[in-house]
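Thanks for coming. I will walk through one structure today, starting with a few residue pairs and then turning to the sheets and helices.

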Amino acid sequence: MSAGRGEVAANRALAAVIRGDDRMASADRVAIYAGMYVARLHEVMKEDYPATAAVLGQSFAEIVREYLVAYPPKKPSVFFAGQSFPAFLRSHPICRRMPYLADLAALERAMVEVFVAPDVAPLDEAALRAISAADWPRLRMRTVSALRLFEVQWRVAALLRDVQSGRRPKKPRRGKKFLLVWRIGGRVYFRETDAAEAAALKLLGRGATFDRVCEKLAGARRDAGSVKFIMATLRRWLREGVIARLGPSPARQSVSA
Amino acid sequence: MDRSEFPFLGFGVGLRRPHYAHVLASRSGRSHRRHREHIRGRSGSGGGVDWFEIISENFMVEGGRPLEVLDAVRDRYPIAMHGVSLSIGSTDRLSRDYLSALAKLAHRVRPAWISDHLCWTGVGGRNLHDLLPLPFNDEAVAHVAARIRRVQDVIERRIAIENVSSYMTYRCSTMTEWQFLAAVAAEADCAILLDINNVFVSAFNHGFSAEEYIDSIPPERVAQFHLAGHSDRGAYLLDSHDAPICEEVWKLYRRAVLRFGSVSTLIEWDDKIPKFEALAAAANRARRIYEEIRNLTQGRSGNAADAERRRRVA
């Protein structure tokens, strides 16, 4: 009863400001905007979180509605509308049934952000070879700007690949991993990585010297295999384009004085 | 107002993601220098489109594919920037961040012009991502015009403001929508982007005459036309941009060309986006209407023909 009275009062308040007519009452006219607000943002969220939407099915619309109440858009671009969705899902009751959902949404959000991150050309092997061996240990490299690295508790990369390939998504396995998301040209890539590589990439991202990055990669290993592993990882980074191109005078600009 | 700040670009379409590959692969693009000649010397209906309009906010990003595509398209076609989030009618302060992002994008794109909507899109720090109508009264005219002048000062150029489709009006309105639009444009000394479909949709939704609206807009302010499709929701028309332009809107467009003369025309399509050819076909239909009307005054210079048209409809 009180809800009904509230609605009547709200309609009266609207009618005092908005014109109604025989065709449509003022509340019905306002309702067009209310409906479009939800519909438009639902579309935006579906575009940003296609795998999360596929996994949630029909509940996605209702969860988006709850999200919009908790995190109403505050920025002019719809790019930011879904920014807090992974955090929202993490504390949502749905995560008791689907505990991997927040990790999946975090992966999809990273892909959206990386897609429009600043352009930084990747380093190629020839440029690296031009640096003298003596400068290598104190060489400071950086990761490209279009890169995100974060920890997940569930193996959601496989789930996302299932959705992208049109396969029926399977519930992911539990397993602590790091996810690396990056862009080359206009394409966004992602893969899992382990704690050692993630720590090395984080150091790289902060502009640490090459010898420190190598130490982190080698971890506790101090055998001949560690050099092989470091070289293989470095080659992989170069192939994947995750290291940023050095400045015009690499030796002078990138090695600390 | 000097309309030369808003040159006649011909007939364009909105640049949308599904068409990126087609536009980049198309050979119909031409250098800017040749473009003006192309428009002036056009003898019949061409196959391609003459220019593109972008949604400014979609390109206010740091990098990546959208800007890469934009640069490539910009090398071949004139571009106009059309915003959806300036929120010129809001009572919130104009966003400095937004204006600086707009200026930065304009510096990169060097657009033919910049436009946004005569509406508000949020209040109290919240953004509704919708184009909400304003009350039509003197207080709103003064409020909005002052804000447009401030925007024009910041970005150092005149902007065009577009009439929006609406589904509600306010009791405190004291004038018609067209009187409001004309008063704001005069007070702010800005241009008008006249959306013909929006005139039609709002005319239906509020029961006014679309023809009277068109006939009341000052010709010297009109810098651009928009044409789009809408959907019939029974009690009202929705400006959905998801359908072909209806015959009544084409009829209204013909009336607008007669009144306003050589005005750059753009086809908008934002949902259920068809193949590029469908948009190009709509742009070419607009071109044929324009040329048919231009032939009425054949033999005169462009400006004299435009003046003649205005006399005919006055």
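A:K176 is exposed, at 61% relative accessible area, where exposed means over 50%, buried means under 20%, and partly exposed is in between, with a 1.4 Å probe and protein chains only. What you see is a predicted model, in which local features need pLDDT of at least 70, side-chain atom pairs count only at pLDDT 80 or more, and totals for chains, interfaces and linings use all residues. Residues are numbered from 1 along each chain as its sequence is written, chains are lettered from A and ligands numbered from 1 in the order in which they are written, and side-chain values use heavy atoms, with hydrogens and water left out.

Back to the lysine. A:K176 makes a salt bridge with A:E151, with 3.2 Å between the closest N and O atoms. By salt bridge I mean a side-chain nitrogen of Lys or Arg within 4 Å of a carboxyl oxygen of Asp or Glu. A:K176 belongs to strand β2 (residues 174–184) of chain A and A:E151 to strand β1 of chain A, so this pair ties together parts 25 residues apart in sequence. Helices (H or I, at least four residues) and strands (E, at least two) are DSSP runs, numbered from the N terminus. The partner, A:E151, is partly exposed, with a relative accessible area of 35%.

How many salt bridges does a search of the whole structure find? There are 28 over all chains. One of them joins A:E113 to A:R148, with the closest N and O atoms 3.3 Å apart. A:E113 sits in helix α7 of chain A and A:R148 in strand β1 (residues 147–154) of chain A, so parts 35 residues apart in sequence are tied together. A:E113 is partly exposed at 22% relative accessible area, and A:R148 is partly exposed at 27%.

Another salt bridge links the side chains of A:E240 and A:R191, at 2.7 Å from N to O. A:E240 is in helix α12 (residues 224–240) of chain A and A:R191 in strand β3 (residues 187–193) of chain A, 49 residues apart, so to speak of distant parts of the chain is fair. Are these two residues buried or exposed? Both A:E240 and A:R191 are buried. Elsewhere, A:D48, A:R109, A:E113 and A:R148 are joined into one network by salt bridges that share partners.

Now the helix that carries A:E113. Helix α7 of chain A covers residues 101–115, and its 15 residues, at 1.5 Å a residue, should span 21 Å, which agrees with end C-alpha atoms 21 Å apart. The expected span is 1.5 Å times one less than the number of residues. Of the 15 residues in α7(A), 13 are buried.

A:W182 is in strand β2 of chain A, and counts as buried at 4% relative accessibility. Its C-alpha is 6.4 Å from that of A:R148, although the two are 34 residues apart in sequence. Leaving out residues up to four places away in sequence, A:W182 touches, among others, A:V114, A:R191 and A:E240; contact means heavy atoms within 4.5 Å.

Over to chain B. B:D130 is in strand β6 (residues 126–132) of chain B and is buried, with a relative accessible area of 9%. Its contacts include A:Y33, A:M36 and A:R40 from chain A, as well as B:W120 and B:T121.

Chain B also holds a closed barrel of eight strands, in the order β1-β2-β3-β4-β7-β8-β9-β12, with parallel pairing. Two strands pair if DSSP finds at least two bridges between them. On average, neighbouring strands of this sheet are turned by 30° against each other, direction ignored. Axes here are lines fitted to C-alpha atoms, for helices over the stretch in contact, and angles run from 0 to 180 degrees between N-to-C directions.Helix α7 (residues 196–206) of chain B packs on the sheet, touching β7, β8 and β9 of chain B, and its direction makes about 65° with that of β8(B).

Last, strand β2 (residues 52–55) of chain B. Two bridges join β2(B) to strand β1 (residues 11–14) of chain B, in parallel, and four bridges pair β2(B) with strand β3 (residues 79–82) of chain B, also parallel. B:E53 stands opposite B:G14 and opposite B:A80 in β3(B). In a regular strand, side chains alternate between the two faces of the sheet. In β2(B), B:F52 and B:I54 on one side and B:E53 and B:I55 on the other are all buried.
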